[in-house]
Amino acid sequence: MVTSVLAGETGSRGSLLPRLQERLFGAQDSVCLARARLVTEAWHRWADEPAPVRRALALRHVLRNLPLDMHGNPVFAGNTSIAPRAWCVMPEFGFEMDAQACVEHDWIHPDWLRERVPTQMLDWWKDRHLGGGAGTGHLAIDSAAVVQRGLDAILHDLEQEAGRGSEAQQVYRRAMAIAVAAVIEWAQRYAEAAEAEALRCPEPQIAALHRRVASACRHVPRRPARNLFEGLQAMVLTHLALVLEGQGTSISIGLPDRALAPLADEAAADPDAAAELCGAFLLKIASNSYLGRVSKTQAVTLGGADHAGTDRCNAVTLAFLGGFERVAVADPHCFLRWHRDIDPIVWEKALHLLSNGRSMPLLVNDHAAAAGLIAAGIRPEDAWDYCIIGCNEI
């Protein structure tokens, strides 16, 4: 069970989360060139492929060969480099330092990253990179499809469309299939590595975490999640795979309480355990190594109504709010979609967090936001399914 694994042998709840926070927040920023070297190899190897296919093959090469971070946060599998705060480098977008990084941290300067990259790599990419720094993704993953359908179902969809459409559409779908299959392979790598770590680990609690990861990664994100942990693990891997693909910052977690709604009964049965698990999930997303400790605006959006006026809050909504209460992460940041008929327990929890000095959740007025989207021509059923991306954009 979630409680017994996260709480440890003493049975005291939350005993693992402070340890994970200390490990993350105490880590010093460094640079990991593993992804940069692998992408450079891929651009050499598949130089003649169409751009979408080349990028997909580069992602597959990275996911097959990137060293796995098994110790930064063993509750979940996944990272974009070998350790938290070890910067994941994206040479295909150049080596310019993000201006926001220099504003947030006075020890970072415009040449900070460039000074830590070998001259040979700088020279090779000088006239090849796509420019502009790594992309600002400004996108939200369809987590419901990942959690409830699984990536095998998406591969099946692509097979059904094979040979249809223009040449450009067929190339793009080929690239999609390569990328989706690569994420499934990545999960299997983590399953095997976690199983091996469990056998070596002298700590029973951590060994149990590795065993749970191994079991989950054999199943998700390939297939639909069977429990809350698997749902969160599937979301971690797909989120970080998009970062590794090159989307960069502002990749939103979307609407996790809606994606995980079919598993809400598990959260309702043990609210404290579910909140602990969501806290560990937030720390895993916070340890995404792209840009180290610099803000990546990985927004989480909770609550809200649907187009019929039905409140969509559930036990997972409360679990995420409880997770934000337990861990002191500034990124990912939390938005709560407020409306007149919001669950009063959720509303009280949000007010409790705000009145106790937590600057989250940030409140978004459902009525105003949805009305604006509808006025812009979006169908009501879609307008009421919005989430926040980036710093604070609908």
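On a 1 Å grid over the protein atoms alone, a cavity is a set of points where a 1.4 Å probe fits but cannot get out, and a residue lines it if one of its atoms is within 4 Å of a point. The model here is predicted, with local features needing pLDDT of at least 70 and side-chain atom pairs counted only at pLDDT 80 or more, while totals for chains, interfaces and linings use all residues. Residues are numbered from 1 along each chain as its sequence is written, and side-chain values use heavy atoms, with hydrogens and water left out.

Let's start with the enclosed spaces. There are three cavities of 30 Å³ or more, where a volume is the space filled by probe spheres set on grid points, joined across faces, edges and corners. The second largest cavity holds about 50 Å³, and its lining is made of Asp69, Met70, Asn73, Pro74, Phe76, Ala77, Gly78, Tyr190, His210 and Val213. By class that's six nonpolar, three polar and one charged; Ala, Val, Leu, Ile, Met, Phe, Trp, Tyr, Cys and Pro count as nonpolar, Asp, Glu, Lys and Arg as charged, and the others, Gly among them, as polar.

The largest cavity has about 70 Å³ of space. Around it sit Arg35, Val39, Trp43, Arg55, Ala58, Leu59, Val62, Glu92, Leu244 and Glu245, of which six are nonpolar, none polar and four charged. Helices H3 (34-45), H4 and H11 each put in at least two residues, and H4 gives the most, with four. Helices here are DSSP runs (H or I, at least four residues), numbered from the N terminus.

Now for the open space. A pocket is an open set of grid points with protein on both sides within 12 Å along at least five of seven lines, and the largest one has a volume of about 740 Å³. It has 22 lining residues, with Tyr172, Met176, Ala179, Val180 and Leu242 the closest to its centre. H4 (51-65), H7 (143-148), H8 (151-160), H9 (167-200) and H11 (228-247) each supply at least two residues of that lining, and the largest share, six residues, comes from H9. The lining splits into 17 nonpolar, two polar and three charged residues.

H9 is worth following further. Its axis comes within 10 Å of that of H8, and the two cross at roughly 160°, so H8 is roughly antiparallel to H9 (angles over 145 degrees count as such, and those under 35 as roughly parallel). Axes are lines fitted to C-alpha atoms over the stretch in contact, with angles running from 0 to 180 degrees between N-to-C directions. Residues in the contact (heavy atoms within 4.5 Å) are Leu151, Asp152, Ile154, Leu155 and Leu158 of H8 and Arg173, Met176, Ala177, Val180, Ala181, Val183 and Ile184 of H9. That set is 10 nonpolar, no polar and two charged.

H9 also packs on H10 (residues 204-217), at about 155° with the axes 8 Å apart, which means H9 is roughly antiparallel to H10. Among the contact residues are Ala187, Tyr190 and Ala194 of H9 and His210, Val213 and Cys217 of H10. Tyr190, His210 and Val213 also line the second largest cavity.

Finally, the axes of H15 (residues 315-326) and H16 (residues 344-355) come within 10 Å and cross at roughly 10°, so H15 is roughly parallel to H16. Leu318, Leu321 and Phe324 of H15 and Ile345, Val346 and Leu353 of H16 are among the residues in contact.

Conventions: Parallel < 35°, antiparallel > 145°, perpendicular 65-115°, else oblique.
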